[in-house]
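I am opening my notebook for a first walk through this structure. Come along while I look things up.

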Amino acid sequence: MIMRIIKKLRSNRLLIGPAVLFGVALVAFSVLSLTQSTARAQQTLVSTNPNDIAAGAVLYSEHCQSCHGYQGEGGVVSGAPSLVDKGAAAADFYLTTGRMPLNAANNEALRHHSIFTSAQIRQLVAYINALPQITGKGGSGPTIPTVQPLCQNQGTLAGQSEKGCVTLSEGQQLFSINCAECHQAAGSGNILSNGNVVPSLDNASLTQVAEAPLVGPKPMPIFTELTNAQISAIAQYVTYLHHASNPGGFAIGRIGPVAEGFVAILGGFCLLWFAARMIGNRG
Amino acid sequence: MTDTLDEKQTPFARNPRHFGIDPDEPWPDDVPMDQDDTRWRYQGDPKGAKKAERRIAAAWTVTLLASIGLAAVYVDGANTQLAGLCWGLAFGGLGVGLILWARDLLPGHDVIASRGHHNVSSEADRIAVAESLGRGLDPIARRPFLIKMLGAVGGVFGLAIAFPIASLGPRPHRNLYQTAWGKGVRAVTQDGTPIRPSELPVNGILTVFPETNPADALSPTLLINLGDADYETPPQRVGWNIPIDGKTGIVAISKICTHAGCPASLYNVVTHQLVCPCHYSTFDVLRLSEPIFGPASRGLPQLPIAVDAQGFIVAQADYSRAGGGPVGPGFWNRG
Amino acid sequence: MSTTEERIAAQKRLRAARAGTDTIDERLGSSKFLTSVLDKIFPDHWSFMVGEIAMDSLIVLIITGIYLALFYVPSSKEVVYAPTSGHVYIPLVGQKMSEAYQSVINISFNVRFGLIMRQAHHWAALIFLAAVFFHMARIFFTGAFRKPREINWIIGLLLWQIVALEGFTGYSLPDDLLSGTGLRVIYSIVESIPFVGTWLVYALWGGRFPGTSLIPRLFVVHEFLFPLLIIGLLTAHLMILWHQKHTDFPGPGKTETNIRGSRIWPQYALKAGGLMMLVSSVIFLLAGFVQINPVWIYGPYQPYTVSAGAQPDWYLGWQDGAVRLWPHWEFRSFGHEIANPFFPGLLLPGILLGVMFAWPWIDKKIYKDYRAHNLLDRPRDKPFRTGVGAAAVTLFSLLTMASGTDIIANNLHVSYEAIVVALDYLVIIGPIVAFIIAYKACQRLQEVDFHPIQRPVGGVIYRTRDGGYHTVGDVHHGPAHDVPAETPTDKRGSGDDGVEHGSEKSVPAPTAGD
């Protein structure tokens, strides 16, 4: 029975197209899924355990010292700054996103698979965090921020002004005015001047999104004037974007009109071109 | 009459080679004598016709099922993807069926017919229309004064009729050259909070608005902390920044791109450049925000800022020519 | 069923049909007209259907548009988004937005089938213009704009421009961040017009940007003004086409004075209806499965925010690309200024469109051909025109690509400065190279291929109603026949000397019993 259907499809050109389209549509539809975003708080504590700091010092001397100098004092390679006053957030951000260690100081620091385990990262962060005490110089930079949770009643007007939690709406507004111009409204990334890349935020974790504005990883500016609530709101919104349902179907990267144009011409119109050729004559 | 004139000199003259047939000649009836437009594809092949019928029925069955499915989809939450599938299949099945029916079971294929006529009138008819027009034109032409007066009056009247268009909007206004900034106007963020210089870190950038009228569309301004970067300051802009630790510190740059008005706020801290995402003009903040790439040709204007008695950032004055203003894209009377 | 029964049934049907047409005829005297309608022939070449695809997309646009207009609120009044029932889009709760934007969010999330109608409307617009571009190219490359069809060429170009503006006003109605940015750019382009720029923008927008009345006025333009113009022009376009009859490629049995194809009834009517269904099918499949213009992610428009990746819809890409690639010229003197956006935004399109509007007459001058034609050229028959067309297609394609310089640069991991500079050179060199390649290709194809009018093929004779015997492929001379001198640009066969020809291919004209 199935062989007969397949034979029929093979022999009748007109039916192959619709059959394929239907199959593709079926698969596409079953792949689409809606998930909820995580609304919980996120807290990453910086370790002050002396064992961690010592282990971090060892790791530092093996992987970081050649550029950032002894005890993070810098001045070894131009472009590799001193780490003494950078703080735990910077260390955690650069290490968890794999931007560091960098092969050459002139390379652009881009997201990369991290070579460290999370335990090693904890140790390195502990060490960097302890540098002001170890060296006796410099103030401490921003610590790893605690991301506040989403408000339970954020779907209502009254829920917008609850304390101790943040709303997606506030996150969307802050993202729009501070972040969207570089990272694009849906966080799909873009390009800056001089070949500098603005990365997509699709792979950024909740903590990383909260850390980046505090760290200002070049070429990105610093946004420490934002309060913890505001940073949390932005981080929660970006995380929401990752899981946000696309009620209209395939989001085609949420890039916008460029992608839509491609689909309309290469997909939509080409299908109809095909239909016209089937209906009409040639030559 | 017209045959003696060159074709190009009389563009409206009859073209004797219209489709290769003289308009006075009868239209050729070059249509094959025996053609049968009652033929259809499976004529004489009842088995093939039956198969064709079944194909069409299959296509229309898809339509039937999809239409019923559509009703179910609507009732059950109206999911967009399912609706698209049902609609797509319903239309598609109907269309495929109709086309197959026409192709396989209906006559009217491949017939030749005459185009019928020259689509050009005979000389007599052309003379008649010109004479009908002339019936009016000739006596009108005898009154040149009236024609000239109608022309003049018509022009003025046309302008008069156009007057309601002026109600569409106000006349271009001084506000083209002004923003809502002024002496002592505090800079506030999106939620209305004023700013102290210490809150903006080095390499930080912040969008601020004039407290008195935050909604003014030309007023959005970027506060940028340049730290100790070497900011080129011409004599007329001395004191327009807020120095920090004796270095350049904070400068206020208009956010509205001077090319086409989009917010030019992509800030590259490595090169101290502002980029506009619409057409990618790049402005060098350290060099009076002059454009160094892209279609913009004027720098982003700078706003003179200072610190007020309470320690908040305020403007010293509105954007001015000395600062590269007025704000925004260019226009004829920009000056 | 026996033949007698079939005959009786057929007679019954004929009587019933007659009753219908007689009823109408007694009121309108319409029998002759209706016969001409039912018997009319449409040539069958597939490329003649692309205009139909455009029209079918327009029908989908009108129907979905009316539906959307019943829910859309054309108001700039500021409201706070806080729905108390139905689906709430949480990231917008508590935000200030225009009523227009809120109504579009409502359509997308709260109206059953609202989102698919919105998406169908938008996808239909994109496909509509793809079909328009393809159709325009087909007309150009086959010389279908020649006399007597210059009027339709003009109407078609006008339709293209109005439809593009209709699309622009349409996607600006939601008042979201992306389309509002586009409106800001248009404001600046109109403002840059010398002398009257600022007057115009103050009148149209109701003041200095963002004005007070833009959304309601866009609504009027999008729902009334442009649709009236489009429907009027399209009606004229189709009526002229109907009256002049469609052109066709040279081929077996085809001459300047006849037409070969399918009868409107029942063939073409059903095929056209079927094509309309297929167009709707594709549009609704896209509308269901591919998200377009998710305005809830962009957020409501603010003049002080912008999203990277700010492009117009693809069919306006060539204008945005021109603005991105244009050098930073601005002319300032004596207190006056012609601002930069004027040149790529208005002057360049004006020049390009001016050439396109004038093309039928330019073509006449180039080929010294003032005759009327019902038979088309094949592109290879007119190398110069095809070369110009190839250059134009290349230019438009490069400019459209230039609209996405940032996205191209990001995906190719190259700086956007490099992309812009490369495109700056390509838009000059590319069309020239395309012209040369197309020109040479046409000449080569003419050498290799036999032109349908050049090589008579004997063997099959048919008799026409006016009594003559003709061979398929024979040269048939009309009474005032005159072969013109060949123009120097086209060495081989102008393909058009005012005489009718058949094809050299040995497929005969249809005869009974085939």
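Which residue in E11(B) is the bridge partner of Ile253(B)? I found Gln302(B) there.

**Ground rules.** I am reading a predicted model, in which local features need pLDDT of at least 70 and side-chain atom pairs count only at pLDDT 80 or more, while totals for chains, interfaces and linings use all residues. Residues are numbered from 1 along each chain as its sequence is written, chains are lettered from A and ligands numbered from 1 in the order in which they are written, and side-chain values use heavy atoms, with hydrogens and water left out.

**Confidence.** I noted ipTM 0.90 and pTM 0.89 for the model. For chain C the average pLDDT (the predictor's confidence in each residue, from 0 to 100) is 88, and 89% of the residues score at least 70. Over residues 474–514 of chain C, however, the pLDDT is below 50, although that stretch has 99 contacts (heavy atoms within 4.5 Å) beyond near neighbours in sequence.

**Around E6 of chain B.** I stayed with strand E6, residues 247–254 of chain B. Strands here are DSSP runs of E with at least two residues, helices are runs of H or I with at least four, and both are numbered from the N terminus. Two strands pair if DSSP finds at least two bridges between them. How many residues of E6(B) are buried? I counted 7 of its 8 (buried means under 20% relative accessible area with a 1.4 Å probe, protein chains only).

My list of its partners:
- E4(B), residues 221–225, runs antiparallel to E6(B) with 5 bridges, and Ile224(B) has Val251(B) as its bridge partner.
- E5(B), residues 242–244, is antiparallel to E6(B) too, with 2 bridges; Ile244(B) is matched with Lys247(B).
- E11(B), residues 302–303, joins E6(B) through 2 bridges, again antiparallel.

Between E5(B) and E6(B) I found a hairpin with 2 residues in between, where Asp245(B) has a positive phi of about 55°.

**An open sheet.** Next I looked up 4 strands of chain B that form an open, antiparallel sheet in the order E7-E8-E9-E10. Why is one side of E7(B) and of E10(B) left without a neighbour in the sheet? Both stand at the edges with a single partner strand each, so one side of each stays free of a neighbour. Neighbouring strands of this sheet are turned by 35° against each other on average, direction ignored. E7(B) pairs with E8(B) over 3 bridges, and Asn268(B) faces Gln273(B) in E8(B).

Helix H16 of chain C (416–448) lies across E8, E9 and E10 of chain B, at about 70° to E10(B) (axes are lines fitted to C-alpha atoms, for helices over the stretch in contact, and angles run from 0 to 180 degrees between N-to-C directions).

**Helix H15 of chain C.** In residues 405–412 I found Thr405(C), Asp406(C), Ile407(C) and Ala409(C) buried. The buried residues of this helix pack against E1 and H11 of chain A, and against H12, H14 and H16 of chain C. Just after H15(C), His413(C) takes a positive phi of about 55°.

**Where C meets B.** The contact takes 108 residues from chain C and 101 residues from chain B. Together the chains bury about 9400 Å² (accessible area, 1.4 Å probe, that two parts lose on being put together, summed over both), with 62% of it on carbon and sulfur atoms. I counted 6 salt bridges between them (a side-chain nitrogen of Lys or Arg within 4 Å of a carboxyl oxygen of Asp or Glu). Asp37(B) forms a salt bridge with Arg263(C), the closest N and O atoms being 2.6 Å apart.

Terms used. Buried means under 20% relative accessible area, exposed over 50%, partly exposed in between (1.4 Å probe, protein chains only).
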